[in-house]
Amino acid sequence: MELLIVGIGVLILLFLIMKVKLNTFVSLIIVSILVAIGLGMPLTQIITTIEEGVGSQLGHLALVFGFGAILGKLVSDAGGAYRISTTLINKFGRKKIQIAVLIASFIIGIALFFEVGLVLLIPIIFTIASELGISILYLGIPMAAALSVTHGFLPPHPAPTAIAGIYGANIGMVLLYGIVIAVPTSILAGPMYTKVAQKIVPDAFNRVGNIKALGEQKKFTLEDTPGFGISTLTALFPVILMALATCYELLSGGKITDKSPLYEQVIALIGTPGMAMLLSLLFAIYTMGVRRQQTIPAIMKSAEEAIKQIAMMLLIIGGGGAFKQVLLDGGVGDYVAQLFAGSTLSPLILGWVIAVVLRVCLGSATVAALTAAGLAAPLMAATGTDPALMVIATGAGSLFASHVNDAGFWMFKEYFNLSIKETFATWTVLESIISVAGLLGALALNLIV
């Protein structure tokens with residue numbers, strides 16, 4: 001009965017978003033209330049549960065998401081992302097151009113949110129493709145693969161960071177496992193799949209891109225941008241700090257506690273996502289701003305613009321947190337755990353499958369991941385599955401089969417001037433490859449760690 005109510009709730013959510021065209025955040029709150037009533041929760045408790053869900057989700061994410069958005073904006077506005085991509089492309093040359101695009105997109109994808117990275121990189125690869133006389137899609141598929149992998153697997157991106165909080169996973173371990181899985185996955189879905197796609201939809205590789213769909217673009221000259229080394233260091237700084245603390249814990253063989261020596265506590269402090277992002281932001285303010293003779297008011301203007309751009313995404317994540325809390329307080333999570341208590345099905349597979357179903361129905365990777373995590377968390381706790389691998393598996397499921405209800409599908413179609421069929425054969429398939437490879441990677445690591 002509980003799952004039937006959740007299923008009806010998901011259908012209502014799908015109807016509100018796709019047919020009524022209601023805002024996703026508003027839709028999530030309405031469905032959360034309806035599902036809570038359906039589950040028999042006391043009426044006086046419903047709004048309290050929703051507030052708790054929104055608060056706990058945003059309380060965990062606001063620092064990371066806010067600081068991350070500003071950091072990415074500073075790197076982008078200063079031309080750091082432009083420097084990273086053009087330097088790597090020039091270094092690798094024509095024969096290895098796909099690998100150059102893949103690496104550049106991977107580095108930039110860690111610092112920038114998916115949509116921002118896409119808009120920033122497309123003009124660069126259009127220019128490079130024109131200069132070399134090759135297909136824009138030949139470079140576009142590796143670019144999209146790298147950006148999608150970082151978006152789905154790696155903190156400080158919204159979905160993996162948010163579900164790490166739900167599962168109680170160590171962010172540093174998510175990052176380390178994520179990178180181990182992300183590298184081969186992006187190669188498989190990028191350069192390797194490009195060869196297959198060229199045979200399936202050869203005409204798509206003759207298309208001329210639609211650069212006008214990007215709107216007005218900021219122009220850079222290489223001489224005016226920060227150096228490659230400092231740009232790369234700034235973009236990867238939060239990853240370095242979080243990985244540093246995790247590696248120290250692994251090498252020292254014990255968890256850092258409040259009774260550990262002061263220097264160990266300092267290492268743990270700088271490795272927490274919120275502090276790592278704050279330190280990285282301060283570093284970016286200097287390297288991408290002050291060091292380049294930018295005034296603090298000008299830098300803060302970029303910061304304000306970055307926050308405005310993510311405001312609605314923050315609310316949507318909060319709405320996802322509300323729905324998740326209703327599922328937990330309404331007993332759905334416990335019901336799912338009991339349902340699969342005697343099953344040999346891995347929680348990694350269960351989390352992935354739930355995320356896949358929600359992704360296909362709703363389109364939003366973040367909402368799919370948050371809802372799936374809320375359902376799978378009790379089963380994970382009961383079986384002792386590694387929380388960090390649960391984050392990877394659930395994040396991978398939330399990327400599966402992007403189609404017409406996902407904004408990314410239409411962005412890719414318009415920018416590369418593809419038909420619907422060609423977009424399915426390129427974008428939808430590469431997203432599905434990333435999803436399946438991510439699950440297989442998590443299952444493989446689960447046998448080792």
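Leaving out neighbours up to four places away along the chain, Leu314 makes contact with Leu58 and Phe65. I begin with this residue, in what is a predicted model, and I shall then move to the packing of helices and rings. Leu314 belongs to helix 13, residues 296-329. Its separation from Leu176 is 138 residues in sequence and 25 Å in space, taken between C-alpha atoms.

Let me turn to helix packing. Two packed helices are described by the angle between their axes and the distance between the axes. For helix 5 (residues 97-111) and helix 9 (residues 171-200), the angle is about 140° and the axes are 11 Å apart. How should helix 5 and helix 9 be classed relative to each other? They are oblique, because an angle has to be over 145 degrees to count as roughly antiparallel. The handedness of the crossing of helix 5 and helix 9 is right-handed. On the helix 5 side, the residues involved are Gln98, Ile99, Leu102 and Phe106, and they meet Ala182, Ser186, Ile187, Pro191 and Thr194 of helix 9. The composition of this contact between helix 5 and helix 9 is six nonpolar residues, three polar ones and no charged residues.

The second helix pair is helix 7, residues 136-153, with helix 19; their axes come within 10 Å and cross at roughly 40°. That angle makes helix 7 oblique to helix 19, and the crossing of helix 7 past helix 19 is right-handed. From helix 7, the contact draws on Leu137, Ile141, Ala144, Ala145, Ser148, Val149 and Phe153. Their counterparts in helix 19 are Thr426, Trp427, Leu430, Glu431, Ile434 and Gly438. By class, the residues of the contact of helix 7 with helix 19 comprise nine nonpolar, three polar and one charged.

Next, the aromatic residues. How many aromatic pairs does the structure hold? There are seven aromatic pairs. In one of them, the ring centres of Phe126 and Phe416 are 5.8 Å apart with the planes at 75°, so this pair is edge-to-face. The pair links distant parts of the chain, since Phe126 sits in helix 6 (residues 114-132) and Phe416 in the loop between helix 18 (407-415) and helix 19 (420-448), 290 residues apart. Both Phe126 and Phe416 are buried. A second edge-to-face pair is formed by Phe409 and Trp410, with ring centres 5.2 Å apart and planes at 80°. Are the two members of this pair buried or exposed? Phe409 is buried, at a relative accessible area of 0%, whereas Trp410 is partly exposed at 35% relative accessibility. Ring pairs also join Phe126, Phe412, Phe416 and Trp427 into a cluster.

Helix 18 deserves a closer description. Its buried residues are Gly408, Phe409, Met411, Phe412, Lys413 and Tyr415. Which helices help to cover the buried residues of helix 18? Helix 6, helix 7 and helix 19 are included in that cover. After helix 18 comes Asn417, with a positive phi near 60°.

That brings me to backbone geometry. Most residues other than glycine have a negative phi, and most peptide bonds are trans. Asn417, a residue other than glycine, has a positive phi. Asn417 occupies the loop between helix 18 and helix 19 and is partly exposed, at 40% relative accessibility. Lys21 likewise is not a glycine and has a positive phi, of about 65°. Lys21 lies in the loop between helix 1 (2-18) and helix 2 (24-38), where Lys21 is exposed with a relative accessible area of 66%.

I close with two threonines. Thr371 is part of helix 16, residues 365-383. Why is Thr371 classed as buried? The relative accessible area of Thr371 is 1%, and a residue counts as buried under 20%. Apart from residues up to four places away in sequence, Thr371 touches Phe323, Leu327 and Leu358. Thr385 is located in the loop between helix 16 and helix 17 (387-397). Thr385 is buried as well, with a relative accessible area of 11%. With neighbours within four places in sequence set aside, the contacts of Thr385 are Pro347, Leu348, Met380, Met390 and Asn446.

How values were computed:
Residues numbered from 1 in each chain as written. Predicted model: local features only at pLDDT ≥ 70, side-chain atom pairs only at ≥ 80, totals over all residues. Heavy atoms only, no water. Helix = DSSP H or I, 4+ residues; strand = E, 2+ residues; numbered from the N terminus. Buried < 20%, exposed > 50% of the residue type's maximum accessible area, 1.4 Å probe, protein only. Contact = heavy atoms within 4.5 Å. Phe/Tyr/Trp six-rings, centres within 6.5 Å; stacked < 30°, edge-to-face > 60°. Axes fitted to C-alpha atoms, helices over the stretch in contact; angles between N-to-C directions. Parallel < 35°, antiparallel > 145°, perpendicular 65-115°, else oblique. Left-handed = near helix turned anticlockwise from the far one by under 90°. Nonpolar A, V, L, I, M, F, W, Y, C, P; charged D, E, K, R; others polar.
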